[in-house]
Each structure stands twice: as C-alpha cells, then as structure tokens.
Amino acid sequence: MDTTAILQELLGLLNNQKTVSLQALDQNRENQYTAFNNAAFARGLGRSGVPTVQQTKFLGEKYLPAYNKINTQFAGQEISLNNSLQNSLKQIDALNSAAAQLGG
C-alpha cells in the first residue's frame, strides 16, 4: 500500500472538485454580467456605465466572497485529509509494533 499515491489520488480528486466549483462560479458570473448588459441595453442605458457598476458590485458582494469560501473550504478539506492520513499511519505503525512484540 503506497500511502503517498493514495494521498495524491485523493488530493487530485479534491482539486478536480474545486476546479468544477470554481468553473461553475465563473459561469454564474458571466451569466450575471450578460444579464446586467441585456437589462441596461433594454432600458437604453447600455453604454452609460450602469452595467459596469452592477458588475463591480456583484463582483465584490457575491463573486469574491463565494470564491474565497470555495478556496477556504477545499483548503480545509486538504488539511483534514492530510491529518487523517497521518493519524491512520500512526495507528498502523502502533499495530505493527504491537504485532511484532507479540510475534517476537
């Protein structure tokens, strides 16, 4: 059992999950920007700067907090995964030592 390979596989899966989450967030941002532009053009304000103000507000109030939340969540999961693996390895070592003493 190669624990490094297992850890790398699990971290890779977490990274893929994070990438998908961030891509979905980016797609939502693009959809919101399009909606802002469409609404502004429908009101005759397309070139007025209104869409840019709305985009900036959305970016600061919604997108960036969600982006940070995703990154923080996945960083915590990576730390938890590493800690769990380290604890498991310690338990395996303790069991191996106990088995060696019993057999020895």
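1. Glutamine 17 is found in helix α1 of this predicted model. Its relative accessible area is 48%. Buried would need a value under 20%, and exposed a value over 50%, so glutamine 17 counts as partly exposed. Glutamine 17 and phenylalanine 74 stand 57 residues apart in the sequence, yet their C-alpha atoms are 8.7 Å apart in space.

2. Helix α1 runs over residues 3–42, which makes 40 residues. How far apart should its ends be? At 1.5 Å a residue, the helix should span 58 Å, and the C-alpha atoms at its two ends are indeed 58 Å apart, so the expected and the computed span agree.

3. Both ends of α1 deserve a look. At the N-terminal end, aspartate 2 acts as a cap, with a side-chain oxygen 3.3 Å from the backbone nitrogen of threonine 4. Just after the helix, glycine 44 has a positive phi of about 80 degrees.

4. Which residues of α1 are buried? They are Thr3, Leu7, Leu11, Leu14, Leu22, Leu25, Arg29, Tyr33, Phe36 and Ala40. Helix α2 is part of what covers them.

5. The axes of α1 and α2 come within 10 Å of each other and cross at roughly 170 degrees. An angle over 145 degrees counts as roughly antiparallel, so α1 is roughly antiparallel to α2. The residues in the contact between these two helices divide into 20 nonpolar, 11 polar and four charged.

6. Glutamine 55 belongs to helix α2, which covers residues 50–103. Is glutamine 55 buried or exposed? With a relative accessible area of 15%, glutamine 55 is buried, because the cut-off for buried is under 20%.

7. Leaving aside residues up to four places away in sequence, glutamine 55 touches Tyr33, Phe36 and Asn37. Tyr33 and Phe36 are also among the buried residues of α1. A reader who wants to see one part of the contact between the helices can begin with glutamine 55 of α2 and its neighbours Tyr33, Phe36 and Asn37.

Terms used: Residues are numbered from 1 along each chain as its sequence is written. This is a predicted model: local features need pLDDT of at least 70, side-chain atom pairs count only at pLDDT 80 or more; totals for chains, interfaces and linings use all residues. Side-chain values use heavy atoms; hydrogens and water are left out. Helices (H or I, at least four residues) and strands (E, at least two) are DSSP runs, numbered from the N terminus. Buried means under 20% relative accessible area, exposed over 50%, partly exposed in between (1.4 Å probe, protein chains only). Contact means heavy atoms within 4.5 Å. The expected span of a helix is 1.5 Å times one less than its number of residues. A polar contact is a pair of N or O atoms within 3.5 Å; within protein, one must be able to donate a hydrogen and the other to accept it, and residues adjacent in sequence count only if both atoms are side-chain atoms. Axes are lines fitted to C-alpha atoms, for helices over the stretch in contact, and angles run from 0 to 180 degrees between N-to-C directions. Angles under 35 degrees count as roughly parallel, over 145 as roughly antiparallel, 65 to 115 as roughly perpendicular and the rest as oblique. Ala, Val, Leu, Ile, Met, Phe, Trp, Tyr, Cys and Pro count as nonpolar, Asp, Glu, Lys and Arg as charged, and the others, Gly among them, as polar.
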